[in-house]
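Trainee: I am new to this structure and would like to go through it step by step. May I see it before asking my questions?

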Amino acid sequence: GRVPYQFEPDLYRALYFKGAQMSNDALLEHYQSIGKAAGFLGTLDQLAQREGLEDGYWLRFLNLEEFNLLNSRWLGEAANKQEALQAMIREGFERLAPISFAHSFDPAYFADANPAQAGKTPVELYKYWLFTGLKAKVPGNASEHLKLHGLALLEYPVGFDWRAYGD
């Protein structure tokens, strides 16, 4: 059969071969010869779909170590992306939990920068950004917006009309 576009050896290892010393090639071979037919998960999209989400594109941006550091107070520690995803579904979305240092979300900025999303709650905005915005490279905060324009600033300078530089 056809290899999934985004086979994730680290996910596959964490789910089915915890602690085993197997190369990525050996994991892929196992998935192709046994795992796929047995219904094993090999991609982040498959994992997200199993948890009831449309896809797992946003999980590509979730850095597990950083996620654990940023969310340790409520999370404890997620051992792998499956546990991180389950924690997000359980309460991370409601908490607007950051998925990495580089990808945090500011609902006030996002609502202001995306008037088509007006009237949505912060949680709805966050889910929109995770599930749709990240694919379209829509920044979730001012710092990301500035980086898109080659500016290494954390926030807009006072008096700077950032709306004039949208898209």
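The questions and answers below treat the fold, one helix and the salt bridges.

Mentor: This is a predicted model, in which local features need pLDDT of at least 70 and side-chain atom pairs count only at pLDDT 80 or more, while totals for chains, interfaces and linings use all residues. Residues are numbered from 1 along each chain as its sequence is written, and side-chain values use heavy atoms, with hydrogens and water left out.

Trainee: How many helices and how many strands does the protein chain have?

Mentor: Helices (H or I, at least four residues) and strands (E, at least two) are DSSP runs, numbered from the N terminus. Read from the N terminus, the elements run α-α-α-α-α-α-α-α-α. The chain therefore counts nine helices and zero strands.

Trainee: What percentage of the 167 residues counts as buried?

Mentor: Buried means under 20% relative accessible area, exposed over 50%, and partly exposed in between (1.4 Å probe, protein chains only). By this rule, the buried part of the 167 residues is 40%.

Trainee: At which residue does helix H2 bend?

Mentor: The bend at a residue is the angle between axes fitted to the seven residues ending there and the seven starting there. In H2, Leu27, His30, Tyr31 and Gly35 are buried. Helix H2, residues 24-38, bends by about 50°, and the residue in question is tyrosine 31.

Trainee: Which residue forms a salt bridge with aspartate 10?

Mentor: A salt bridge is a side-chain nitrogen of Lys or Arg within 4 Å of a carboxyl oxygen of Asp or Glu. Aspartate 10 is exposed, at 53% relative accessibility. Its partner lies three residues away in helix H1 (residues 9-16), which means that about one helical turn separates the two. With the closest N and O atoms 3.0 Å apart, that partner is arginine 13.

Trainee: How many residues apart are lysine 135 and aspartate 55?

Mentor: These two side chains form a salt bridge, with the closest N and O atoms 2.3 Å apart. Lysine 135 lies in the loop between helix H8 (122-133) and helix H9 (142-148), and aspartate 55 in the loop between helix H3 (44-50) and helix H4 (64-70). The pair links distant parts of the chain, and the separation is 80 residues.

Trainee: Is aspartate 55 buried or exposed?

Mentor: Its partner lysine 135 is partly exposed, at 40% relative accessibility. Aspartate 55 has a relative accessibility of 14%, so it counts as buried.
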